[in-house]
Amino acid sequence: MTTARNRAIDRIRRDRTLAEKTRLLDRPEAVEDEMDDTTIPDERLELLFTCCHPSLSLEAQVALTLRTLGGLSTEEIARAFLVPRETMAKRLVRAKRKIEAAGIPFRVPPPHLLTDRLAAVLAVVYLIFNEGYGGRGDLAAEAIRIGRALAVLMPDEAEVQGLLALMLVNDARSDARFDQGELVLLREQDRSLWDRAEIDQGRTTLDRGLALGGRGAYVLQAAIAILHTDDPIDWPQIAALYGELGRVTASPVVELNRAAAIAEAGDPEAALAVVDRLELENYHYLHATRAELLRRLDRTEEARESYGRALDLVHSDAERRFLERQLANLKAR
């Protein structure tokens, strides 16, 4: 895959050079060459737009691009989509067969078609960042770099600004999320480790997205991330924004986050009612959240069972150790 990516980038560079030389040959005399404002200024971003072909479903575009360009394994992509590895493997095979059968060309779309592929490109960058945020700093940094290039390419797209703001604010807190390899909850993080300059960049970028009329999923998530940096944190407002985000996305994961915000606002009983309605049986965060809510409600035995189920499903070593500590604390009671 690395060889294929490098060859694709080399091909784009050769095509650019050929196009420039051809234009020079067509001119009767040497003149100052003009910058082509429509050219995508970043090769990896150019490849993203190339891979996200609208003939494929949005999910197939995202999954296939994550596999071929993002460097994520089939198992990592399956976790991102909350499906079994075998299911994702079959979807990837079907997408590749469709590309072959339909003869979908591997080329950069013209500028007026970039917006048709934007949703898939944003989803790819977002999922690469999320994978990196769990501990792979190289992926998070690459996602932010691509996000910045995308903001230069499409400065009037509110969701582009929203995604970049979201990544900047979350990345600013990354040094405080782990202590000697152990996961640290938001309320226990050392805020002096947060990168305030990066948070300010995120705020400015979010303001730009809001000024463009942004009310989409990434703008809303960025607004939520900004609220998490306030002291004290306005949990009722965060819960309200998650409610709006849920209406936009219809995502059960968003509802899970809304439940957590409701609990932090002081109503774990209402939060548990939300969690128990969600169909996320194979999502370890659901069981971890449920365990914490049950603990707060002094339903200790049920909390132990939920922590056990979360441990069965978790993949991150740091998160596994955190859940084990939480379970051990319950057993000691």
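Two residues are said to be in contact when heavy atoms of theirs lie within 4.5 Å, and this notion helps in reading the structure shown here, which is a predicted model.

Taken as a whole, the chain has a secondary structure that comes to 16 helices and two strands. Of its 333 residues, 47% count as buried, while the accessible surface comes to about 17400 Å², with 50% of that area belonging to carbon and sulfur atoms. Among the contacts with a separation of 6 or more, 62% are accounted for by residues that stand 24 or more positions apart in the chain.

From this overview one can turn to a single helix, α10, which covers residues 217-227. Eleven of the eleven residues of α10 are buried, so this helix is largely enclosed by the rest of the structure. The buried residues include A217 and Y218 at the beginning of the list, Q221, and I226 and L227 at its end. As for what surrounds them, the buried residues of α10 pack against α6 (114-133) and α8 (158-172), and also against α9 (196-211) and α11 (235-249).

A second place to look is A291, a residue of helix α14, which runs over residues 284-296. Because buried means under 20% relative accessible area, A291, with a relative accessible area of 0%, is buried. Which residues is A291 in contact with, leaving aside its neighbours within four places in sequence? They are A303, S306 and Y307. E305 can be located relative to A291 as well: the two residues are 14 residues apart along the chain, and their C-alpha atoms are separated by 7.7 Å.

Terms used: Residues numbered from 1 in each chain as written. Predicted model: local features only at pLDDT ≥ 70, side-chain atom pairs only at ≥ 80, totals over all residues. Heavy atoms only, no water. Buried < 20%, exposed > 50% of the residue type's maximum accessible area, 1.4 Å probe, protein only. Helix = DSSP H or I, 4+ residues; strand = E, 2+ residues; numbered from the N terminus. Areas by Shrake-Rupley, 256 points an atom, 1.4 Å probe, with all protein chains shown as cover.
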